[in-house]
Amino acid sequence: MNPNLLLAIPLLPLAAAVISGLFGRLIGRTASATLTIAGVLGALVLSLKVFQQLAFEGVPSYNDTVYTWLVSDGIRMQVGFLVDQLTVLMMVVVTFVSLCVHVYTIGYMHDDAGYQRFFSYISLFTFAMLMLVMSNNFMQLFFGWEAVGVVSYLLIGFWYTRPSATFANMKAFLVNRVGDFGFVLGIAGIVYFTGSLDYADAFAAAPSMATKTLSVMPGAAWPALTVICICLFIGAMGKSAQMPLHVWLPDSMEGPTPISALIHAATMVTAGIFMVARMSPLFELSETALSTVLVIGATTALFMGFLGIVSNDIKRVVAYSTLSQLGYMTVALGVSGYSVAIFHLMTHAFFKALLFLAAGAVIIAMHHEQDMRKMGGLRHRMPVTYWTSLIGALALIGTPFFSGFYSKDALIEAVAESHRVGAGYAYFCVLGGVFITALYTFRMIFMTFHGQERLDHHAKAHFHDVGWDMKAPLVALAIPSLLIGFFTVQPVLFGGWFGDAIQVLEHNDVIAHIGHHFQGPVAFALHGPMGAPFWLALGGVVTAWLFFLKNPSWAAAWESRLSGLHTVLVNKYYFDWFNENVLARASRGLGSVLWKAGDQAVIDGTLVNGSAKLVGWLAGVTRRVQTGYLYSYALWMVVGLAVLLAWFLLSAH
Amino acid sequence: MTETSFAQFLPALPEIYLVGAICALLMFDVFFGLKKPTRTASVALLLLLGGAVATLISADFGHRQVLFSGMYIADDLATLLKLASFLFVAIALFYSGEFLGRRKLQQGEYYVLVFTALLGVLVLTSAGSLLMVYIGVELLSLSLYALVAFDRENGVAAEAAMKYFVLGAIASGIMLYGMSLLYGLSGTLSLAGLATAFSGPNSLGLILGLAFLVVAVAFKFGAVPFHMWVPDVYQGAPTSVSLLVASVPKIASFAVAYRLLAEGLGEVSGTWTQMLSVLAVLSLLFGNLIAIAQTNLRRMLAYSAISNVGFILLGFVTGTGDGYEAALYFTLVYVMVVLGTFGAILLASREGFEADEIADYKGLSSRDPSLAFMVAVLMFSTAGIPPFVGFWAKLRIIESLVNVGHLWLSIIAVVMSVIGAFYYLRIVWVMYFDPPGDLPRGQPRLALRFVLGLNAAAALGLGLFPDVLLNVCQTVLHRG
Amino acid sequence: MLVQILFYAFATVLMGSALGVILSRNPVHSALYLVLAFFTSAALWLLIEAEFLAIVLVLVYVGAVMVLFLFVVMMLDINVEEVRKGFTRHAWLGWLTVLALVAEIVGVVAVKQLGIDVTKAAVPVAADHSNTAELGKVLYTTYVYPFELAAVVLLVAIVAAIVLTMRKRQGLKLQDVGAQVATRREDRVRLVKMQAERRE
């Protein structure tokens with residue numbers, strides 16, 4: 001593979017981002033949009049070319065350094081690319097979704113003053129994400145990791161005049177710092193044991209690390225690899241919003257909708273999933289770490305789904321759905337089904353981006369109204385949006401033949417096959433999750449598009465369907481949401497597509513077990529109604545129909561009957577309350593103690609002001625020395641000479 | 001004499017060329033430059049580029065030649081330093097062109113004096129004998145004295161020149177005294193001869209002579225407590241001269257220190273490294289602390305120069321090739337960045353607005369965004385923030401210190417560079433976060449802006465690819 | 001023996017006059033002390049058979065430089081008391097430093113801790129040995145490089161002196177010799193062709 005070609009893939013969006021960011025006002029709105037779209041389109045085309053080379057021309061995967069930044073104590077910090085089947089899949093998904101979002105943005109941000117800035121940010125994000133997935137070493141991975149975080153921060157707070165937006169981006173930033181702390185510790189552990197930042201070295205050293213122990217506290221020697229893997233996973237929990245570090249994701253919906261689609265649904269939040277899959281040679285060797293992953297993923301998958309049922313904000317419903325689906329992927333990782341996790345990541349990227357963009361279209365059509373209680377019956381007013389979101393919803397709940405079906409069913413079967421600690425709990429969670437998913441998804445569809453119009457007078461008067469610049473990406477995303485599972489399930493899951501990119505120990509290989517029964521996508525889909533998930537999903541849809549379309553009064557009645565539970569859900573299990581009132585208050589308290597005692601007294605009082613006073617005093621003294629009089633200058637020179645001489649003559653004796 | 005008699009002087013071509021160029025420039029100015037001084041300026045630039053070419057022609061890479069009975073050393077280090085000097089002086093003249101025209105200082109003599117100063121630098125880079133060190137220092141210093149006083153209407157400049165001259169004369173006396181002591185002890189002026197004469201145990205006589213020499217070298221560097229002239233000259237001289245004083249003479253100082261101390265007296269390095277460590281610590285301490293209190297940018301840069309000299313001296317304190325290499329790298333990097341900084345002052349200044357107070361940079365980002373960006377890059381680099389080149393320069397010095405076990409010195413260096421970062425970043429702060437008030441907007445001056453942009457880009461580029469220059473430094477000191 | 005007596009005699013005078021240069025309050029006296037110092041050092045050089053240098057010292061420094069210097073000192077009316085003000089404030093430190101420096105140098109030199117054996121006396125040369133020719137030979141062979149550079153130093157001094165002192169004063173009536181020489185007949189003489197006038 002040509003390294004220049006690979007280099008061009010991330011650099012094209014970067015160049016576009018820099019130009020439209022720095023010279024946006026100069027080149028104008030249209031030029032910025034065109035330029036960034038061209039950049040991402042170029043990246044997509046090149047990614048497809050790489051994909052073609054890897055998939056059909058049998059070109060071996062690429063792993064090499066393109067630029068060495070520095071070598072310090074034998075640790076090489078460099079920029080390098082590892083492009084194999086796993087990477088190229090991510091590259092294509094990232095650039096494709098990014099392209100759709102770019103195009104969609106033309107319409108969505110049409111009236112916004114920060115038009116060029118927005119395009120610059122999303123192109124910059126694309127660059128960062130590509131650097132992250134294409135990396136062949138931990139330093140670049142970390143760079144991409146932080147860079148996507150920074151862009152996400154900028155974009156959540158894009159409307160920086162809204163207090164809620166700045167609060168949300170601060171929250172996202174802080175919560176991610178917690179995850180990053182673990183991530184850095186994990187990387188540090190790898191460097192400590194291998195002396196290298198390269199993936200290849202880390203993977204090669206994995207078996208030896210598995211036998212070593214790390215005594216974090218005296219007397220407690222923990223298996224090194226488990227500690228490293230759990231630390232890395234804490235990073236993934238932050239980025240991929242796993243409980244309890246999920247709190248930032250729903251709030252991040254304060255950002256413009258294209259961002260929610262691109263960053264907080266399709267790509268950035270999947271970075272954690274991708275990273276764990278990339279690190280499969282490490283995780284495979286630690287049962288404890290995988291069980292942790294499994295339990296946390298399962299909990300997220302089920303309990304975040306519940307929240308989707310009670311939320312009335314259309315974007316938040318999709319956001320909770322994202323959390324839940326990320327939980328599914330994490331569960332897949334936990335049962336060593338890395339390939340199915342990535343497969344679900346891919347299908348999810350398409351249909352979730354679709355659902356977000358459709359929600360965005362509704363919001364724009366409703367003049368920035370996000371409350372579903374004020375919608376209803378919109379299917380006649382915006383048919384394209386309705387049908388595409390229906391496709392997305394059907395894919396999400398796992399309707400046979402839709403893309404989501406293949407990934408989710410395979411995932412659930414993989415969990416069923418696994419015998420890892422926690423697998424039983426996880427199986428219960430993912431099955432329950434299917435029902436919940438169908439329930440909230442169709443609740444959203446019904447409340448938005450069906451039933452009576454609950455639009456107020458103003459919304460009705462000013463309602464206008466969105467233009468084709470926004471519909472086209474919906475259609476473009478609906479096609480893979482519908483079809484991609486059907487065409488790719490065989491090669492990706494059971495055809496050994498990932499090759500060496502993902503390593504699974506033989507006795508852990510649940511995917512291979514399922515593969516024995518796999519007889520092609522049609523048979524797989526027809527087998528769907530034989531399993532529990534199908535009926536659970538159907539049950540969910542029917543329940544949603546009963547409660548939210550047929551008899552909306554039932555919903556209210558149940559709400560009051562289960563008011564305790566409802567309150568818990570509406571308050572999102574009190575995570576935010578806990579964080580704000582316990583964690584934040586405690587740390588603020590600790591902070592103020594440290595501030596008063598440490599900062600004000602010691603640092604400000606003694607060090608800063610003290611040194612300022614010292615400097616002032618010194619300046620005063622030296623001002624007397626630096627009199628400006630020539631003779632005093634000369635005198636000090638000679639004094640210096642005399643002192644120097646005296647010192648060395650005496651010390652030489 | 002045989003027919004090859006002229007070819008044997010080939011290694012000295014840069015100096016021979018420059019002497020010729022000085023005479024040519026004088027004559028050119030008389031006949032063509034009086035009416036149109038810009039002509040002389042252009043010819044001077046061309047002559048400097050020619051000098052770089054002459055240096056390359058005469059260079060014999062990888063070999064060390066000794067000419068004129070050991071008085072002249074031609075080696076890779078000399079070639080590198082000469083090339084850098086020609087280049088840096090050319091950049092300095094380019095930056096100052098507009099300023100000189102505005103201040104009516106653009107006379108042929110200005111360029112002649114710059115050339116003679118440059119000749120002094122060249123002589124020092126190739127010095128093989130105490131005599132040559134002395135003549136080189138005098139040539140450089142005399143030219144600089146005259147340049148500082150060049151703006152005769154300016155009383156402050158005259159005062160600065162006077163101080164510089166008298167103190168410089170004292171320093172020359174001290175240097176001569178030290179040289180005469182060393183000559184008396186060893187019976188030779190040649191540095192190679194000194195190296196063999198002083199290979200035994202240190203005597204008190206040697207310490208006596210050495211202390212005088214170290215003091216003289218410290219004066220040329222501007223190290224505490226021999227730094228008094230630095231702030232006055234930086235602030236008092238015309239900006240274009242401050243630029244010159246701040247930049248290329250540092251290369252000469254490095255050359256003197258290297259030829260005299262490392263090569264000539266390398267065997268007795270134990271003594272002078274101790275002396276230098278005292279001076280280095282004092283320079284770091286006072287330079288950084290006093291710089292914080294300054295409100296005048298040029299004066300701040302003067303104290304910054306003092307603290308940076310502390311870093312260069314720390315490279316010599318190691319007494320190892322590793323340290324000299326770090327010092328060489330630091331010197332080249334520092335001179336490059338300081339050129340850019342003064343270039344930015346010149347670009348920001350205009351008729352009646354010298355732009356040398358820190359307050360003159362308030363809100364520069366909105367008045368002249370590209371200049372503000374370049375200054376920010378240069379300040380980040382000087383402050384030693386990665387990935388800018390200044391970071392690597394400081395890192396190399398500290399690394400070389402740690403390698404020979406000078407832990408305390410390296411801690412002092414780190415702490416002091418953190419303190420130093422404060423006043424560099426304050427400039428950035430002032431530029432980006434203070435309201436511009438009614439200060440004037442930027443002027444285009446595209447050529448100057450372009451070269452300054454290249455200068456700033458180099459500060460970033462060499463930081464992204466630190467190996468490029470590091471390898472060069474390693475090669476010329478024969479450690480490759 | 002005689003040489004030694006002469007040496008110490010001249011050396012004493014030299015030291016005395018050197019002190020006189022820096023200690024006398026009148027600048028003219030200082031300059032005259034300096035002349036004396038030059039003379040005595042010339043005599044010391046004669047004692048070590050450096051005749052050429054001795055004569056040049058007298059001719060150049062005493063004959064030219066110092067005379068010029070005296071003119072300058074006498075023409076400028078320097079208020080010595082003004083210059084000395086403030087000087088005395090740091091006098092104690094100055095004296096302390098001087099004492100320390102002298103003690104240090106004496107401690108090393110006089111106690112013979114130089115680290116070398118006592119320097120051998122130079123071998124006297126024959127009476128017809130030409131010091132001047134020897135110098136010339138060395139200057140143009142071994143020391144040709146520093147010699148040429150010294151010439152450049154002088155050039156710098158000339159250029160610097162001219163550029164720092166030459167100035168065109170406004171309103172000064174001066175001959176422009178160049179313009180006078182370059183003038184052509186046409187500029188000065190105008191031939192007017194006119195009709196011959198008839199005498200009345």
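## A walk through a predicted multi-chain model

Let us begin with one helix of chain A: H4, residues 115–134, has 20 residues and runs 29 Å from its first C-alpha to its last, close to the 28 Å expected at 1.5 Å a residue. Why can H4(A) be called largely enclosed by the rest of the structure? Of its 20 residues, 19 are buried, so the surroundings cover most of it. Please keep in mind that this is a predicted model.

**Chains A and B**

Stepping back from that helix, here are the two chains in outline.

| Chain | Secondary structure | Residues | Buried | Contacts at least 24 apart, among those at least 6 apart in sequence |
|---|---|---|---|---|
| A | 27 helices, 4 strands | 653 residues | 52% | 80% |
| B | 20 helices, 2 strands | 480 residues | 61% | 79% |

**Where chain B meets chain C**

Chain B also has a side that touches chain C: 28 residues of chain B are in contact with 20 residues of chain C. Which helices of chain B each supply at least two residues to this side? They are H4 (108–125), H5 (130–148) and H8 (204–221). H5(B) gives the largest share, with 8 residues. Sorted by class, the side of chain B that touches chain C holds 19 nonpolar, 6 polar and 3 charged residues.

**Two nonpolar cores**

Now for the interior. In soluble globular proteins, nonpolar side chains tend to be buried together. In this model, the largest nonpolar core has 219 residues. Which of its members touch the most other members? Those are Val114(B), Val148(B), Ala211(B), Val215(B) and Leu313(B). Helix H14 of chain B, residues 321–348, contributes the largest share of this core, 20 residues.

Val215(B) deserves a visit of its own. Leaving aside residues up to four places away in sequence, Val215(B) touches Ile174(B) and Phe226(B) in chain B, together with Gly640(A), Leu641(A) and Leu644(A) in chain A. If you have the structure open, Val215(B) is a handy place to look at chains A and B side by side, since its listed contacts include residues of both.

There is also a second, separate core, and this one counts 217 residues. Among its members are Val148(A), Ile156(A), Val362(A) and Ile514(A).

**Looking back**

To retrace the route: H4(A) has 19 of its 20 residues buried, H5(B) supplies the largest share of the side of chain B that touches chain C, and H14(B) supplies the largest share of the largest nonpolar core.

Note on methods: Residues numbered from 1 in each chain as written. Chains lettered and ligands numbered in written order. Predicted model: local features only at pLDDT ≥ 70, side-chain atom pairs only at ≥ 80, totals over all residues. Buried ≥ 20, exposed ≤ 12 C-beta atoms within 10 Å, placed from the backbone. Contact = placed C-beta atoms within 7 Å. Expected span 1.5 Å × (residues − 1). Nonpolar A, V, L, I, M, F, W, Y, C, P; charged D, E, K, R; others polar. Core = buried A, V, L, I, M, F, W, Y, C linked by C-beta atoms within 7 Å.
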